[in-house]
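User: Hi, I'm new to this structure and would like some help reading it. Could we go through it feature by feature?

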Amino acid sequence: MSSSTSSKTAPEIAIEIKGLVKKYGEKFAVNGIDLTVQQGEIFALLGPNGAGKTTTVEILEGFRNIDGGFVSVLNFDPATKGEAGRVWRNRIGIVLQSTTDAADLTVQETIEHFAHYYENPRDVNEVIDSVGLREKADDYARNLSGGQRRRLDVALGIIGSPELLFLDEPTTGFDPEARRAFWELILKLRSEGTTIFLTTHYLDEAEALADRVGVITNGKIIEIATPATLGNRATAPARISWLENGKIAEIESLNPTAEIEKLIARFNGEIPQLQIIRPNLEDIYLRMIGENR
Ligand code: ATP
């Protein structure tokens, strides 16, 4: 955690949302959501296109006004303008969904430029290394590939040593290796005390990173839980399959251990091609979304 000269008491709750409503014309983009994010937590907001994720994040970042309810971010109303808003903004980091246009600057220059906006920036070279852009440090930002550009966005989001980092679909366009490296970076930031609010369409990303996930559809939160327990995942039936008489046999069971014992007795030992498959987060998520259409 960064040491700041300002005297601020560390809030236990980083984000608090109560009964939040946001309308565009007659349409409810966010329709009464409640959620709390603890300090030091990674929280992932999941939901299909148009569910209200970006609207929620933009409200938390202070970019959109609200039509009802209550929002507090680091014990502060994000809609506050003026000097107080500027000081607060110094404590948060933002990686927006759409990348901003790169000026005629190299990667290194871009990050240095942004570092000047902050009271307590991280070391520029350290940030370049941590987002894996060392080899591109002297290239013009506008010549980066899509995934490299996204890494630069992440660098700009963390350069100010934020207490709270917003990541809106941060790994879109990343290759698998870059995604893994990015996950490590995020987990490192959390270990340093950074609170992270993430939206993502990648369920494996939510599973790898999030302490808790919230699922939103049509502007409403359906459930908030840990990735392991969302949608009764922990107690959902397991699928057991094996090879018998030249064909794959398959059953679903709430008591897979008992079923396996029966199979062991039947086969008198090794069960050919045995598989026990538990629903993954994506299976659970898709079921929840399907039921709440
Ligand atoms: P995605 O996964 O596609 O990014 P999202 O969950 O972030 O979706 P939002 O961008 O928050 O969804 O949009 C929520 C709803 O509000 C959608 O129906 C969208 O069409 C609508 N909406 C968003 N921004 C505006 C706007 N500026 N004016 C009017 N309607 C908007």
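Analyst: Sure. Let's start with Arg 190, which is partly exposed, with a relative accessibility of 25%. Keep in mind that this is a predicted model.

User: Which residue does the side chain of Arg 190 meet in a salt bridge?

Analyst: The general idea comes first: side chains of opposite charge can pair when their charged atoms come close. Here the partner of Arg 190 is Asp 211, at 2.6 Å from N to O. Arg 190 sits in helix H6 and Asp 211 in the loop between H7 and strand S8 (212–217), so this pair links distant parts of the chain, 21 residues apart. Asp 211 is partly exposed too, at 29% relative accessible area. Salt bridges with shared partners also join Arg 122, Lys 188 and Glu 192 into one network.

User: How many salt bridges are there in the whole structure?

Analyst: A search finds 20. One of them joins Glu 205 and Arg 179, at 3.6 Å from N to O. Glu 205 belongs to helix H7 (residues 203–209) and Arg 179 to helix H6 (residues 176–191), so the pair ties together parts that are 26 residues apart in sequence. Glu 205 is buried at 0% relative accessible area, and Arg 179 is buried at 13%.

User: And where do Asp 153 and Arg 150 sit relative to each other?

Analyst: Both are in helix H5 (residues 146–158), and they are about one helical turn from each other because they are 3 residues apart. They form a salt bridge, with the closest N and O atoms 2.9 Å apart. Asp 153 is buried, with a relative accessible area of 7%, and Arg 150 is buried as well, at 4%.

User: What about Lys 22: which side chain of opposite charge is nearest?

Analyst: To call something a salt bridge, we need the nitrogen within 4 Å of a carboxyl oxygen. For Lys 22, the nearest side chain of opposite charge is Asp 67, 4.4 Å away, so this buried lysine has no salt bridge. Its side chain does reach the backbone oxygen of Asn 65, at 2.9 Å. You'll find Lys 22 in strand S1 (residues 13–24).

User: Now the ligand. Which residues are closest to the ligand?

Analyst: To read a binding site, look at who surrounds the ligand and which atoms touch. There are 14 residues around the ligand here, and the closest are Lys 27, Gly 50, Lys 53, Thr 54 and Thr 55. That shell divides into 4 nonpolar, 7 polar and 3 charged residues. As for atom pairs, a polar side-chain atom of Thr 54 is 2.7 Å from a ligand oxygen, and a polar backbone atom of Gly 52 is 2.9 Å from an oxygen of the ligand. The side chain of His 201 has an N or O atom 3.0 Å from a ligand oxygen. The protein covers 65% of the 640 Å² of accessible area that the ligand has on its own.

User: Which elements give two or more residues to that shell?

Analyst: Strand S2 (27–38) and helix H1 (53–60) do. H1 gives the most, with 3 residues.

User: Is H1 mostly covered or mostly open?

Analyst: Mostly covered: 7 of its 8 residues are buried, including Lys 53, Thr 55 and Glu 58. Just after H1, Gly 62 takes a positive phi of about 85°.

User: How many helices and strands are in the chain?

Analyst: The chain has 9 helices and 12 strands. Of its 293 residues, 45% count as buried.

Note on methods. Residues numbered from 1 in each chain as written. Predicted model: local features only at pLDDT ≥ 70, side-chain atom pairs only at ≥ 80, totals over all residues. Heavy atoms only, no water. Near = heavy atom within 4 Å. Polar contact = N/O pair within 3.5 Å; in protein donor to acceptor, adjacent residues only side chain to side chain. Areas by Shrake-Rupley, 256 points an atom, 1.4 Å probe, with all protein chains shown as cover. Helix = DSSP H or I, 4+ residues; strand = E, 2+ residues; numbered from the N terminus. Nonpolar A, V, L, I, M, F, W, Y, C, P; charged D, E, K, R; others polar. Buried < 20%, exposed > 50% of the residue type's maximum accessible area, 1.4 Å probe, protein only. Lys, Arg positive; Asp, Glu negative; His and termini not counted.
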